[in-house]
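The following exercises are to be worked through with the sequence and the coordinates at hand. Each task is followed by a solution in steps.

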Amino acid sequence: MSATISPPQPPATAGEAPPPPVAMMQLITGSVWLSKAIYVAAKLGLADLVAEAPRTAAELAAVTGSHAPSLGRVLRALASSGIFAADESGRFHLTEMAATLQTQVPGSLHAMAILWGEPWHWQVWGSFLHGVQTGEVPWPHATGQDLFAYFASHAEQAGQFDAAMTAFSGQEAAAVAGAYDFAGIGTLMDVGGGQGLLLSTILRAHPHLRGILVELPPVAESARQQLASTDLGDRVEVVGGDFFATLPTGADACILKNILHDFADEPAVAILRACRRALPVGARLLVVQEALPPGNSPSVGKLLDMQMLLIGGRERTEAEYRTLYETAGFDLRRVIPTPAPLHLIEGVAVAR
């Protein structure tokens, strides 16, 4: 019985798109084959090892405690996609793509590669079809808990998730800080701001600003200690709180980055209403998310929306954000692009 799973196709010439069956086959298989190979490379720390010196598969296997022939096959597959490169002696070298998997480089994707390859993450994707067919949220269907309860009771998985999000956020924070004119804002409140990476980046870029960081109490305590040891300690107030409840007053603007897409419309409006109660009329609301483009236009956010479907959240269009804003007491004024695949969606608090 033949193992061939698609009919032979004429090779595409340089610059020519592959025939539809070939392109579709690449999409079907690539998400598993290549993603899992990248995961292995990240888990074994291969990029850091090869950055020290080119090594053969056998040498890398000896260092990582792996099976040399199997590791060699993985490296061969990665090299065929530009992730590592083998020389004539069989030693693998770092490439620009492989360099992103190093652990100590700006913009490292090492933690992201691990998160996307972990078995517990793939388990949740196993309930994706169920969610599409029933409208139920796949995450609790797969794990028995919603996202936040799951991470609260699974420290290792929560650590992997936090590491991936922090690494990814570094580039985004710089893009946000440079894309918006913060003049006219004296105090900026970062709602759900984690360890303060975004707020710190903005404050360093705009020395006139002061900041308030609001997070759940355990996270807030960690952020307070971390920020106190920096040059920003006297410019940031850290408050433990709940963004569904009461937020501190005294800010001229609220910023929320990658918060609203975690939630369906009703809880998203509840968060915005909490912001509105804390802000005076005329104060600004800055939501940092991708505003999805209309029609068939390509968008990272349209694919990320599949991830948000897993947890009960969603990405939104400008029109959908406008509805959320109006319901919560804000007027959406403009949508500002950034160098990252994100927008600054600016609103202004209006009189009720």
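A residue is called buried when its relative accessible area is under 20%, exposed when that area is over 50%, and partly exposed in between. By this rule E118, at 7% relative accessibility, counts as buried. The model is a predicted one.

**Exercise 1. Confidence**

State the average pLDDT of the protein and examine residues 1–11.

Solution. Step one: the average pLDDT of the protein is 92. Step two: a score of at least 70 is reached by 96% of the residues. Step three: over residues 1–11 the pLDDT falls below 50. Beyond near neighbours in sequence, this stretch has five contacts in the model.

**Exercise 2. Salt bridges**

Determine how many salt bridges the whole structure holds, and analyse the pairs formed by K43, E52 and D265.

Solution. Step one: the general principle is that side chains of opposite charge can pair when their charged atoms come close. The cut-off for a salt bridge is a side-chain nitrogen of Lys or Arg within 4 Å of a carboxyl oxygen of Asp or Glu. A search of the whole structure yields 10 salt bridges.

Step two: K43 pairs with E118, and their closest N and O atoms are 3.2 Å apart. K43 belongs to helix α1, whereas E118 sits in the loop between α6 (110–117) and α7 (119–125), so the pair ties together parts that are 75 residues apart in sequence. K43 is partly exposed, with a relative accessible area of 43%, while E118 is buried at 7%.

Step three: E52 and R55 meet through their side chains in a salt bridge, at 2.6 Å from N to O. E52 is exposed, at 59% relative accessibility, whereas R55 is buried, at 17%.

Step four: D265 forms a salt bridge with R316, with the closest N and O atoms 2.9 Å apart. Helix α14 (residues 265–278) contains D265 and strand β10 (residues 316–317) contains R316, so this pair ties together parts that are 51 residues apart in sequence. D265 is partly exposed, at 38% relative accessible area, and R316 is buried, at 0%.

**Exercise 3. Cysteines**

Establish why C254 and C275 are not bonded to each other.

Solution. Step one: a disulfide requires two cysteine sulfur atoms within 2.5 Å. Step two: the cysteine sulfur closest to that of C254 is in C275, at 4.0 Å, which is too far for a bond. Seen from the other side, C275 is in no disulfide, and its nearest cysteine sulfur is that of C254. Step three: the count of disulfides is accordingly zero. Step four: C254 is buried, with a relative accessible area of 0%, and C275 is buried with a value of 0%.

**Exercise 4. A surface patch and a covered helix**

Identify the residues of the nonpolar surface patch that includes M24, and list what covers the buried residues of α12.

Solution. Step one: M24, L27 and I28 make a nonpolar surface patch of about 330 Å². M24 is located in helix α1 (residues 20–43) and is partly exposed, with a relative accessible area of 46%.

Step two: in helix α12 (residues 197–205), the buried residues are L198, L199, S200, I202 and L203. Step three: their cover includes the helices α11 (155–179) and α13 (217–228). The strands β4 (187–191), β5 (210–215), β6 (236–240) and β7 (253–257) also belong to this cover.

Definitions and conventions: Residues numbered from 1 in each chain as written. Predicted model: local features only at pLDDT ≥ 70, side-chain atom pairs only at ≥ 80, totals over all residues. Heavy atoms only, no water. Patch = residues over 30% accessible without salt bridge, like charges linked within 9 Å, V, L, I, M, F, W, Y side chains within 5 Å. Areas by Shrake-Rupley, 256 points an atom, 1.4 Å probe, with all protein chains shown as cover. Helix = DSSP H or I, 4+ residues; strand = E, 2+ residues; numbered from the N terminus. Buried < 20%, exposed > 50% of the residue type's maximum accessible area, 1.4 Å probe, protein only. Contact = heavy atoms within 4.5 Å. pLDDT = per-residue confidence, 0-100.
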